[in-house]
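Good morning, and thank you for coming. I should like to take you through a structure step by step, with each term explained where it arises. Please look at the display before I begin.

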Amino acid sequence: MVELVLFVIFGLAAVFGGVTMVWARNPVYGAMGLMLTMFSIAVFYVSNSAHFVAAVQVIIYAGAVMTLFLFVIMLVGVDKAEDRTENLPVQRELALGLLVLFGAGVLLAGRAAWTTGVGIAGNPVNGTVEAIGDELFHKWLLPFEVTALLLIVAAAGAIALAFFGSGEDPEEVEA
Amino acid sequence: MTVTPGWYMALAALLFVIGMSGILLRRNALVMFMSVELMLNAVNLSFVAAGRELNVIDGQVSVFFVMVVAAAEVVVGLAIIVAVFRTRRTASVDELSEMRG
Amino acid sequence: MDLLVSLTILLPLGGAVLLLFGGKRIGEPGAGWLGTLTVAGAFGAAVLPALDFFTGEGHAANIRWFEWIPGLGVDASLLWDPLSAVMALIVTGVGTLIHLYSIGYMAGDERLGRFFAYLNLFVASMMILVLADNFAMLFVGWELVGLSSYLLISFWFERDTAAAAGKKAFIVNRVGDVGFIVALMLVFATFGSLEFGTVFEAVPAELATGTATAIGLLLLIGAAGKSAQLPLYVWLPDAMEGPTPVSALIHAATMVTAGVYMVARTSVIFEASPTAGAAVAIVGAATALFAATVAMAQNDIKRVLAYSTISQLGYMFMGVGAAAYVAGVFHLMTHAFFKALLFLGAGSVIHGMSDEQDMRRMGGLARVMPVTFATMAIAWLAISGMPPFAGFWSKDEILAVLFERGGAWQLLWGVGILTALLTAFYMTRMMWLTFFGERRWAEGLHPHESPAVMTLPLIALAGLSVVGGLVNTPFRLGLEHFLEPAFEAVTLAHAPHGTTALALAAVSVGFGLAGIALAAMLYRGRVPSEGAGLWRVVGRGYYVDDVYAQVFARTGKLGAAWLAFRFDTRVVDGAVEGVGGLTRRIGGWLRPLQTGFVRSYGVIMLTGIVALLAWFLSRGAL
């Protein structure tokens, strides 16, 4: 019962956030909408007993990623009013048509069963830190290490682009 | 009626479609990027729901990894947008085309 | 004995290979002597096994070389029986004399080695043909002699006319070969084998008259091509472009007789189909008369002889067509002697006259070239059917057989008699214009007799032309007895004896004398001019060549031109370029997809995804 209520409310919120993000003229409003969606999804995670992931979602996604987005939006220019005319031919019609088809296809695909795996019966998932940590450091150790490496590479890449990108001489850039 | 994981997946599909529409219909690079994030979130949701349906923790572990990678991707992607903006002074992806015919 | 028979082929073949690769190194006149010796060796190798047949002790033998086409049950093997022995002796014997002659005639030619290589190749090929034990090998020999003929006709290929003549010979032969090949197919289909022994034994039991007629007629087509009968004779006059020894050997004595030999060898089949036999005889008769008329109006000494050969071959065909196989082969033999002599003699004249071939510019050569004149005179008498020279006996036997068969055959006898008159006429004309009368040659020309190496073969052949006929006179049928084992399975037509024989002989001799007299009267002190009206038509061979050129050659050329310039450039090239153009056009359609706009790419991606999704859904995999 509780879950149902939560689902309806936050489901609507998520959809509203998403639509806002796509429709808003001002990108800042869009970012706000996206944050709403992310919070809603965090609530859903909790409903599904994925507590750790919910925390991570809020901290990292809503906290760090969206903040980063807002920074860049401010940097790039908030006051630019985007022209609503579409200059690519048939883009709108095609996109909408295809999207409807896609959505219908997905819903149709899931009418029988949403998952195809076998699963373990009678073992409700508990997404605690210990559980995830246990899984992560035993079964998924290698992907874990690789992802760490990926983060380092990304950080280095970002610095390189920010400081040395667009042909500027590295020595002339002030630290 | 109880909320089955299937509901969450349907919702995830809807969010995914909305995100995709953002990519196809908006010209602003940042909005497009945010739409990508929305899509990733939708997928994460479906992962968790699937994990719940199958009673395995692997769904949540996958979400963990997706989040990490998404974060890294955002970092680099935004850095690129900033770099592009510095030279081109525009955030519209349409202007970034150099193909002639 | 097997080895000796095989040597008759292998010796000339080895000579050909040696001379092809080392001819230049051996040089003159060594190459010539080498070529002559191999053929002489072949002759020697043929004599010894043939002696057995003379004494009546010999028997037919099969000499197996190796397995060749298992699928057709055909081996590479030789058949040595009296018929092949006779042919072998003629080919190698006359061949040796002609090789000897060529040493003198072709002296100074820069490709002497190659000439003798080709000549040897020819002898080897002809031997394969006459010694073959099955139709397939016969065909191999058939084609090889055609090849040798082509190589030798266009030996002086720098001359356009020579090159064209070689091509013409090959192509016209090919037309005949179509008939031959279809005949072979029929034989195989009917008998399941191509071996002579197997096929001929099965004929009485398994061969229906209709099939026999079909096979016989198809074989006739092949023979007509190779032996220059109507309507496939047109290549022979042009083949005179080749050196005279070539004309002597190939186009008088041996290759052109392959058709006659083939009919004689397959006598069993023709026995089973009187229609086919009659067809052979009729073709022969028509050809004999036709060619004789054309020969009367020729001014080139070699062309007279060419048409004469065609005419005499017609006689041979009349013989074998009337089931007088022995008579036909007999005439083949005597004709080889005197026609080779005539050609070699003509060559001697041409050689002595510094390559002049037009008889209107000769005359009075008898005193200048006595040996040549004497020997050619003997040949002249032989071909005109004057006893006791060789030609009389053989020609007379054919005519007598024709008369004896009665009914419609006597019509053919009449044609033969008339042709005999014409033969005597044109030969006398030729002799008169060349050797008698006033000197008409150009100033500064010094005609001389030919060297010994050339006159010796002339003398030898003259001797053969005198006594050669005596092997098969009505008083002593030597050749017929010799060949009897080869023709056991057929009923030979016989010549009459007694008074009828004498009367017929008198008639034919009389006609011959009449021809000689006519020519002597007409050409005493008179030189033929180009001639008007009918004479010109005859001289041009009734324009048959021109008709062929218009109907076949021109349509062929038009067809080829159409193919080359219309079909090839438009259709074939068009297709190739069309593919390129199509690719370019498709590229042009696809290029607008590369817009450079990320969002367009996104739409395309989405299209792909939706398509995949739809496909999976339709398959029920989801």
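Let me begin with one helix of chain C, H8(C). The buried residues of H8(C) pack against five helices of chain C, namely H5 (135-153), H6 (160-191), H11 (258-265), H12 (267-271) and H13 (274-296). Helices here are DSSP runs of H or I with at least four residues, strands are runs of E with at least two, and both are numbered from the N terminus. A residue is buried if 20 or more other C-beta atoms lie within 10 Å of its own, exposed if 12 or fewer, and partly exposed in between, with C-beta atoms placed from the backbone. Two residues are in contact if their C-beta atoms, again placed from the backbone, lie within 7 Å.

Two remarks on the source are needed early. This is a predicted model, in which local features need pLDDT of at least 70 and side-chain atom pairs count only at pLDDT 80 or more, while totals for chains, interfaces and linings use all residues. Residues are numbered from 1 along each chain as its sequence is written, and chains are lettered from A and ligands numbered from 1 in the order in which they are written.

Which residues of H8(C) are buried? Among them are Ala212(C), Ile215(C), Leu218(C), Leu219(C) and Gly222(C), and the list also includes Lys226(C). In general, an α-helix has 3.6 residues a turn, so residues three or four places apart point the same way. H8(C) covers residues 209-226, and its 18 residues should span 26 Å at 1.5 Å a residue; the end C-alpha atoms are 25 Å apart, which agrees. The expected span is 1.5 Å times one less than the number of residues.

Just after H8(C), Ala228(C) takes a positive phi of about 55°. A little further on, the peptide bond from Leu230(C) to Pro231(C) is cis, with omega near -15°. Pro231(C) belongs to the loop between H8 and helix H9 (235-238) of chain C.

I turn to other loops of chain C. Ala323(C), in the loop between H14 (301-321) and H15 (325-352), has a phi near 65°, which is positive although the residue is not glycine. Is Ala323(C) buried or exposed? Ala323(C) counts as buried, because 24 C-beta neighbours lie inside 10 Å. Ser354(C), in the loop between H15 and H16 of chain C, also is not a glycine and has a positive phi of about 55°. With 13 other C-beta atoms within 10 Å, Ser354(C) is partly exposed. In the loop between H16 and H17 we find Pro388(C), joined to Pro387(C) by a cis peptide bond with omega of about -5°.

Next comes a pair of helices. H16 (residues 370-383) and H18 (residues 409-435) of chain C pack at about 165°, with their axes 9 Å apart. Axes are lines fitted to C-alpha atoms, for helices over the stretch in contact, and angles run from 0 to 180 degrees between N-to-C directions. The angle makes H16(C) roughly antiparallel to H18(C); that term applies over 145 degrees. Which residues make this contact? H16(C) gives Phe373(C), Met376(C), Ala377(C), Trp380(C) and Ile383(C), and H18(C) gives Thr423(C), Met427(C), Met431(C) and Phe435(C). By class, eight are nonpolar, one is polar and none is charged. Nonpolar means Ala, Val, Leu, Ile, Met, Phe, Trp, Tyr, Cys and Pro, charged means Asp, Glu, Lys and Arg, and the others, Gly among them, are polar.

H18 has a further role in the packing: together with H17 (390-405), H18 is included in what covers the buried residues of H21(C). Those residues include Leu504(C), Phe511(C), Gly515(C) and Ile516(C).

Finally, the chains as wholes. Chain C has 24 helices and two strands, and 52% of its 622 residues are buried. Chain A has six helices and zero strands, with 26% of its 175 residues buried.

How do the chains meet? Chain B brings 64 residues into contact with 73 residues of chain A. H3(B) provides the largest share of the chain B side, 22 residues. By class, that side has 46 nonpolar, eleven polar and seven charged residues. The contact of chain A with chain C takes ten residues from chain A and twelve from chain C. The chain A side there has eight nonpolar, two polar and no charged residues.

Thank you for your attention.

Conventions. Parallel < 35°, antiparallel > 145°, perpendicular 65-115°, else oblique.
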